[in-house]
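The following note is addressed to a colleague who has not yet worked with this structure. It is arranged as numbered points, to be read with the sequence and the coordinates at hand.

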Amino acid sequence: MNNAILSTPENTYEHIAHASNEVAGRLAARLVQETQGEVLFTPADRGRYATDASIYQVIPLGVFVPRDTQEVSIAMDICRDLGVPIVPRGGGTSQCGQTTGAGLVIDHSKYVRNVLHIDAAQRTAVVEPGLVLDHLNAQLKSKGLWFPVDVSTSAQATLGGMAGNNSCGSRSIAYGNMVHNVLGATARMSDGTVMQLGRFDQSTGHAKAVGEFVQQLALQLQPEIDAHWPKVLRRVAGYNLDIFCNQNERPYTSDGSVNLAHLLVGSEGTLAMTQSLTLQLAELPRAKVLGVVNFPTFYQAMDAAQHIVKLGSGSLTAVELVDRTMIDLSLQNPAFAPTIRTALTGDPEAILLVEFAGADKESLKPHMRQLVELMGDLGLPNSVVEMIDDAPQKNLWEVRKAGLNIMMSLKGDGKPVSFIEDCAVPLVHLAEYTNALTEVFKRHGTKGTWYAHASVGTLHVRPILDMRRDGAKKMRQIGEEASELVRKFKGAYSGEHGDGLCRGEWIEWQFGSRINDAFKQIKQHLDPLNLLSPQRIIDPPKMDDTRLMRYGNNYQVIPIKTALDWSAWNVHNDPVTEQTTAPGTGEDPSHGLAKAVEMCNNNGTCRKFDAGTMCPSYRVTRDEKHLTRGRANTLRLALTGQLGADGLANPDVMEALDLCVGCKGCKRDCPTGVDMARMKIEATHHFKAHYGFTLKDQLIAYLPRYASWAAKFAGVLNLRNQFPWLAKIAESMTGLSAQRSWPTWQSDHFFSKQQPGVSKQEVLQSTKPVVLFVDTFNGFFESNNATAALGVLQAAGYSVHIASKDAPSGSQGHLCCGRTFLANGMVEQARQQAHELVNALLPFAQKGIAIVGLEPSCLLTLRDEALVLGLGASAELVSQHAVLFEEFLATENKAGKLDVLQQNLKSAEKDILLHGHCHQKAFGLMPSVLDVIKLIPKANPQLIESSCCGMAGSFGYEASHLDVSMQMAELSLLPAIRHQPDAIIVADGTSCRHQIADGAAREAIHVAQLLSDHLLRH
Ligand SMILES: Cc1cc2nc3c(=O)[nH]c(=O)nc-3n(C[C@H](O)[C@H](O)[C@H](O)COP(=O)(O)OP(=O)(O)OC[C@H]3O[C@@H](n4cnc5c(N)ncnc54)[C@H](O)[C@@H]3O)c2cc1C
Ligand code: SF4
Ligand code: SF4
């Protein structure tokens, strides 16, 4: 069932009631009738909203994406009329299943995200609940302010979700938790009453009555509260009954007043719907210094925390742990390794990141000295790496932030599971607690990786469990034993990530039955109909109820024959050593594809908007469906038959993948390395095998095969660009937009001439050899780039051979990587092309000769997809020598081999703007392009912080994608180009250049052309 069907209330009712049930039908019909919001009730939509970053999965009745607060209210009223439970949701990054529920999920993150008011003088902001923390802080930066509850998920967590969970940041030792930073809230109860929650002594009406009710309970239970309430900063379980008799290490308000908004904080959407929040802002710290303390044992690191927190006279803002496993995983991750190395001295078992913040760096240096002295006193001289400059600090914090996700990149069925992740204990017991818990893990045949907030006694640890097998059983056993330790050390079982499905049952254990009864009364008072997230906090299910789990008892992967080789994921792992078995031994009926898809743990990093490529289609649409996470969930549901028996041929899969531009942003930016671009090839293959290929598919896919023939008719074919009516006819036949120009055919192209360069024999014998692989696009449509590259390489003194088939030179000899076939799911044809290319290049690779390419998506196919097409060792060897033009030159330059070329380049006279092709970025190659441009005297290239240009091969040419394609370009690329009208624009991707021409009416050139233009012609 497609969402387009839900156009009128009547047909909505029919379709939904038929596919789901009567109530769902009525609910959806009324939402369609009474709101403009998005009504998402297909099985795939419901499946995508059935999970969060926890191990749970509960399929909701439906999903509603309201346009504004008013529509949230309407939806709540409809739910009340129909008796349907409501599950409020922000970014869905909760780790305990808070946002999973069987009712109507209301997603605030797409539209309900305005900043309503900022008062810089009073340092307050009023915001809507769907606003993401980083987006708020971006607006506050120019005012020298920020909201300091800096959760690791700051790029995707919403303020409403943070309030729901009483979230806590790395710097909570300085700023407290969410509850310490919320000044007020507007909240709507399930009966429709709207309350203004703020200072109790100033409240009126319903808010006052609620306050009085809770106050009475708190007073009655004061002795119980004093006896049972954990006395740590990090306690987020249950409701904040202690607002009337503070138990927190840090009182909730600075003046001792009672704030009723704090009752809502941490209530996980069970008491009322937050409509707006008033937040206490803080001054942005002007200066920070970071001391990284290296410890020879984990125990010493834990033991030292209690002493370190006494340093800094109020300027200590964080003490964060990174353990050995995390260090090793970071060292193995190409994006993080250089950064983590800057923090290490020797081979530590753990490091603590100790941060001081204040007015200026000078005033902080004495604290750093104190830290060094303290470590000396504790018997650890020379253990502190001092980071005074901002850049290395920032990089290290990024790695620390990604810590949990790095840990999740373990392949195989055993995964680190979050359920005792954030128990908090008083600092004096930290070392003893962590030691004892490590023993618990050992007893149950697993181990935990430790990291996080040592300053406040909250250490994140996730034992590795296999949730498909004995994971739930072990979870129960470990949970029971861990809880005993928490009790022994007088800590809090739920110290950061909330209760949800995972810790609900421990609330009564933690507080005792009388306080738990009081919680029930609060819920009854505020939500008498039990509509808001029922069975969360109050009457929760057992945490190990496998019926509520993503990998529950019935989880089964459909056997499938994959087109690509996914065996690298088809492994088992050892929970203690984390060693994985050989590729292909993981017993996955889909040969590793399902396990690759399951690498997505739903953490939601793909919802970020900051630097990096991932995920352009989400950035434009803000739809869960068009997000890497949504796609991975759709694939998982399809591969396990949860969307029907047709597996990957299910149309919902193609719908979710439709706007994926195959940019590989996720391959690099997703912390667990979900490679959706590759998954799209596989899924397209299965879908097209079932439904067949369109004319457009064939036209694009076979382009390399007919290009030499078509070029002979360049004049005729180019007429399509001159006559709009022809373009319209072409659109109706092919689906390629009439509003786009097509690449211009050249009758006089690179391959039509006598092949330049040296022969195969000559290059094999040369002392300075290089092979140039000229792809279809640069060869047939932009020959100037191929000619320029040849000229530059020759000017640098290389003997250049143009790779070709072993046929006589000429057009029929041109080689192709198979990318156009891959993009259309024609894997067998791609394999033939790649096979031919690999065979042609093999003799050069065997001699260690560099194979240089110009078009990133073509050349890098040799280093990526060509390795999963079953081409064996030859493909491996060729991939090791396949480099982009700029990579080759940058490496040669570092080896001091480009002096001649450099002397032959004239100075740059204009500014140079550089746009990176997504695949260049995915392979971390942008520094090479910058290095190569800097060979030109006086060149000072600026890299445009852009995601995908939106053209992405044929994606942007398609009429159905035109708007999204242009929106992607408008996110940052085109505005940056317009901002500098005189700059030279460098873009190495052929489709990027086309998009820039279409969107900004500016010419962009390949870096080879740039260098060629700056060659001194003698
Ligand atoms: C890798 C990773 C790292 C994390 N690091 C941290 C960390 O450093 N500190 C930390 O505290 N947490 C952390 N978390 C947990 C989570 O990211 C935070 O709790 C975050 O604040 C949740 O925000 P969200 O927008 O995703 O909320 P959601 O998960 O969508 O919702 C959270 C709760 O708020 C409720 N809610 C949402 N909107 C409303 C509303 N309008 N009205 C009423 N209730 C509402 C929901 O029902 C739910 O109970 C981490 C999670 C992951 C996956
Ligand atoms: S795709 Fe990657 S970044 Fe997105 S939720 Fe899944 S694991 Fe996280
Ligand atoms: S390949 Fe690009 S568009 Fe597709 S899911 Fe990954 S980041 Fe998003």
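The points below concern a predicted model and treat strands, aromatic rings, backbone geometry and ligand surroundings in turn.

1. The account may begin with strand β25, which covers residues 984-987. Its side chains divide into two sets: I984 and V986 point one way, while I985 and A987 point the other way. Every one of these four residues is buried. In a regular strand, the side chains alternate between the two faces of the sheet.

2. Which strands pair with β25, and in what sense? One partner is strand β23 (residues 912-915), which runs parallel to β25 and is joined to it by four bridges. The other pairing to report is with strand β26 (residues 1004-1005), again in the parallel sense, over two bridges.

3. Residue I985 deserves attention in both pairings. On the β23 side, L913 stands opposite I985. On the β26 side, A1004 stands opposite I985. The side chain of I985 is itself buried and points the same way from β25 as that of A987.

4. The connection from β25 to β26 includes helix α46, residues 990-1000. Together, β25, α46 and β26 make a β-α-β unit, and this unit is right-handed.

5. The aromatic residues may be considered next. The structure holds 23 aromatic pairs. The rings of F511 and F519 have centres 5.3 Å apart and planes at 80°; because planes over 60 degrees apart count as edge-to-face, this pair falls in that class. Are these two residues buried or exposed? F511 is buried, with a relative accessible area of 0%, and F519 likewise counts as buried at 0% relative accessibility.

6. Another edge-to-face pair is formed by Y551 and Y555, with 4.8 Å from centre to centre and 85° between the planes. Y551 counts as buried at 15% relative accessibility. Y555 is buried as well, with a relative accessible area of 14%. Both values can be set against the cut-off, since buried means under 20% relative accessible area.

7. F511 and F519 also belong to a wider group of rings. W229, Y239, F511 and F519 form one aromatic cluster. Two further rings are associated with charged side chains. The charged end of K288 sits over the ring of W146, 6.0 Å from its centre. The charged end of R678 sits over the ring of W566, 5.9 Å from its centre.

8. Several backbone details merit inspection. The peptide bond from M614 to C615 is cis, with omega near -10°. Where does C615 lie? C615 is placed in the loop between α22 (593-597) and α23 (616-621).

9. Two residues that are not glycine have positive phi values. For D539, phi is near 50°; this residue lies in the loop between α21 (513-526) and α22 and counts as partly exposed at 45% relative accessibility. For R622, phi is about 55°; R622 is found in the loop between α23 and α24 (628-639) and counts as buried at 17% relative accessibility.

10. Residue D119 gives a view over a longer distance. D119 is found in strand β5 (residues 115-119), and at 25% relative accessibility it counts as partly exposed. D119 and T438 are 319 residues apart in sequence, and their C-alpha atoms are 48 Å apart in space.

11. Which residues surround ligand 2? Its shell includes the run C600, N601, N602, N603, G604, T605 and C606. T628, R629, C670, P671 and T672 also surround ligand 2. By class, the shell has seven polar residues, four nonpolar residues and one charged residue.

12. Ligand 3 has 14 residues around it, of which C615, R631, C660, C663 and C666 come nearest. The elements that give two or more residues to this shell are α23, α24 and α27 (676-691). By class, the shell around ligand 3 has nine nonpolar, three polar and two charged residues. C615, named here among the nearest residues, is also the residue that follows the cis peptide bond from M614.

Key:
Residues numbered from 1 in each chain as written. Chains lettered and ligands numbered in written order. Predicted model: local features only at pLDDT ≥ 70, side-chain atom pairs only at ≥ 80, totals over all residues. Heavy atoms only, no water. Near = heavy atom within 4 Å. Nonpolar A, V, L, I, M, F, W, Y, C, P; charged D, E, K, R; others polar. Buried < 20%, exposed > 50% of the residue type's maximum accessible area, 1.4 Å probe, protein only. Pairing = 2+ DSSP bridges. Right-handed = clockwise from strand over helix to strand, strands pointing away. Phe/Tyr/Trp six-rings, centres within 6.5 Å; stacked < 30°, edge-to-face > 60°. Lys NZ or Arg CZ within 6 Å of the ring centre and 35° of its normal.
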